[in-house]
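Student: I'd like a close look at one part of this protein, a single loop residue, and then whatever helps me place it in the rest of the fold. Could you walk me through it?

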Amino acid sequence: MDELKAPGKPFVIAKRAVWEAYEKVKANKGAPGVNAVSLAEFEKDLKNNLYKIWNRMSSGTYFPPPVRAVQIPKTGGGVRTLGVPTVGDRIAQTVAARVLEGQVEKIFHPDSYGYRPGRSAIDAVAVCRTRCWKHDWVIDLDIQKFFDTVPWDLMVKAVAAHTDQPWVLLYVNRWLAAPLQQPDETLTQRDRGTAQGSAISPVMANLFLHYAFDTWMARTFASVPFERYVDDVVVHCVSYRQARYVLAEITKRMNQVGLALHPEKTRIVYCQDDNRRDSYEHTEFDFLGYGFRRRSAENKNGQMFCSFLPAISKPALKRISAQVRSWRLHHRTSLTETDLADWINPIVRGWMNYYGAFYRSALHPLLERINAYLLRWVRRKYRRLRGKKRSRTAWNNAVKKRPRAFAHWAWTSYAPTVW
C-alpha cells in the first residue's frame, strides 16, 4: 500500500493515504449511502474495494455516486437535511480532506473551533463564557441554511488558493455537484451548497468562512472578538450601539458572499447579571447546546450572586429527555443490570462529559429521571421488591456495593424521591 503512483496515472495519490482514510472512516462508523453497503459489507472485499478507489482517483476517473438525503429534526423546529455518502465515497472524500487540511489548518483564525485538531466545542463555550463576563453585549448570529446555500464559485476559489494538487480541485467540483437522492429515490440536482454530513464538507465550510467572515472581521473589526464553530457564531461588543453597527456590517458582508442571516434567529443579547441590571428584549442565547443567561452562582466566600453563565440549553435538554423516555427502561425486564449499564452508560457518560462541563447541576433533574426509570425497572423485574421500602433498600445496597455500575451514579446515586 505504499506506492505513490502507478505508470500512466496522471495524479500522485499514495495507496497509504487511501488506507489511512479507510481507518478514519471505520473509526467514525456511519450509516450506508445510496448503495445500502454498510462498512461491514465493504470490508468483506476490502483490498479490492480500496484498490478501486485508489485506481480511479489516481486516473481521474472517480465519479462520486449520489448522496443519500436524510432529514433530521431540529431542536428548534423544522428539519435539517444531512447528506450521507457511500462508504467508498467517504473514504475518497477523506483522502482529499486530509490533503486540504494539511494546507489550510495553519492559516485558520484562532477563534475558529469547528472540526479542527486540538480544538473542541467545549473550548469555544469556555472562551465565550469568559468574554461574556467582559463584554456587555452579544450578537448571536444565525447564518440561514449555510450548507444549503453556500455558493460554489467562491468555495472552489478558496480551495484553489490553497492546493497545488489538481486532483483535489477536480474532485471537490464533482463532490459539490453530486445530486441528493431523496427518500423516494428521486434525484435532486444542486447548483449551490455542500452536503452536510460528508467527510470533506467541514474543511471546505471552514475555508469558505475563513475568508467570508474570520479574516474580514479581523480586518474590519480588529478589536471585536468572536467565536465560530463552523456556521455557529457569537460576536462580543462593548455597547448596544456598537452591536447594532457591527451586526449591520456583518449583514452586508454575508450578502456580498452569497449568504444571509436568519432575520428572526439572529439577535442582539444583553449579558444581564448582578452588575448589569438594565433591561433589554433579549437576555439569553444558545451556543453549541449551551444556554447562556443569568444564573445563580457561589463565590469563593460562599456568598450567592447572579452571573451570566452557560448550562445545558432547553432544546438540548428536551431532546435528550425525549431520548431517555424512548428507551422505556422500566419495560426492559428481560435485561440484566449489566445489560442496562452496557447499553446506556456510553450515552449518558457522553452527555455528562459534554453538558456537565459547565453548571453541571442543570443536568441533575435528567439524571434523577434516569434513576426513577431504573427504580421502576427494579420493582417490575423483581416481584419481591415491588414494595417501596424494599425497593429503596435494595437500591441503596446496590449503590453501596457497585457505586460505578451506572455512569451517572457518580453525580446522583441516591434513590429518586418521586417514583
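Student: Is L288 buried or exposed, and what is its relative accessible area?

Tutor: Keep in mind as we go that this is a predicted model. L288 is buried: its relative accessible area is 15%, and the cut-off for that label is under 20%. You'll find L288 in the loop that runs between β9 (285-287) and β10 (290-298). Its backbone deserves a glance too, since phi of L288 is near 55°, a positive value in a residue that isn't glycine.

Now put Y359 beside it. Here phi is near 50°, again positive and again in a residue other than glycine. Y359 also belongs to a loop, the one between α12 and α13 (364-381). Its cover is another matter: Y359 has 30% relative accessibility, so it counts as partly exposed.

Stepping back for the setting, the protein has 14 helices and eleven strands. Its C-alpha trace spans about 80 × 60 × 40 Å along the principal axes. Of the 419 residues, 47% are buried, and L288 is one of the residues carrying that label.

On the surface side, have a look at the arginines. R328, R332, R376, R380, R383 and R386 form a positive surface patch. Take R332 from that group: it sits in the loop between α11 (314-327) and α12 (337-355). With a relative accessible area of 33%, R332 is partly exposed.

For the buried side, try the cysteines. C128 has 0% relative accessibility, so it counts as buried. C132 is buried as well, with its relative accessibility also at 0%. Are they bonded to each other? The closest cysteine sulfur to that of C128 is the one in C132, and at 4.1 Å it is too far away for a bond. Seen from the other end, C132 is in no disulfide, its nearest cysteine sulfur being that of C128, 4.1 Å away. The cut-off here is a pair of cysteine sulfur atoms within 2.5 Å. Searching the whole structure gives the matching result, with zero disulfides found.

So, back to where you started: L288 is a buried loop residue with a positive phi, while Y359 has a positive phi and is partly exposed.

Methods: Residues are numbered from 1 along each chain as its sequence is written. This is a predicted model: local features need pLDDT of at least 70, side-chain atom pairs count only at pLDDT 80 or more; totals for chains, interfaces and linings use all residues. Side-chain values use heavy atoms; hydrogens and water are left out. Buried means under 20% relative accessible area, exposed over 50%, partly exposed in between (1.4 Å probe, protein chains only). Patches are made of residues with over 30% relative accessible area and no salt bridge: like charges are joined within 9 Å, nonpolar side chains (Val, Leu, Ile, Met, Phe, Trp, Tyr) within 5 Å. Accessible areas come from the Shrake-Rupley method with a 1.4 Å probe; for residues, only the protein chains shown count as cover. A salt bridge is a side-chain nitrogen of Lys or Arg within 4 Å of a carboxyl oxygen of Asp or Glu. Lys and Arg count as positive and Asp and Glu as negative; His and the chain ends are not counted. The place of a charge is taken as NZ of Lys, CZ of Arg, CG of Asp or CD of Glu. Helices (H or I, at least four residues) and strands (E, at least two) are DSSP runs, numbered from the N terminus.
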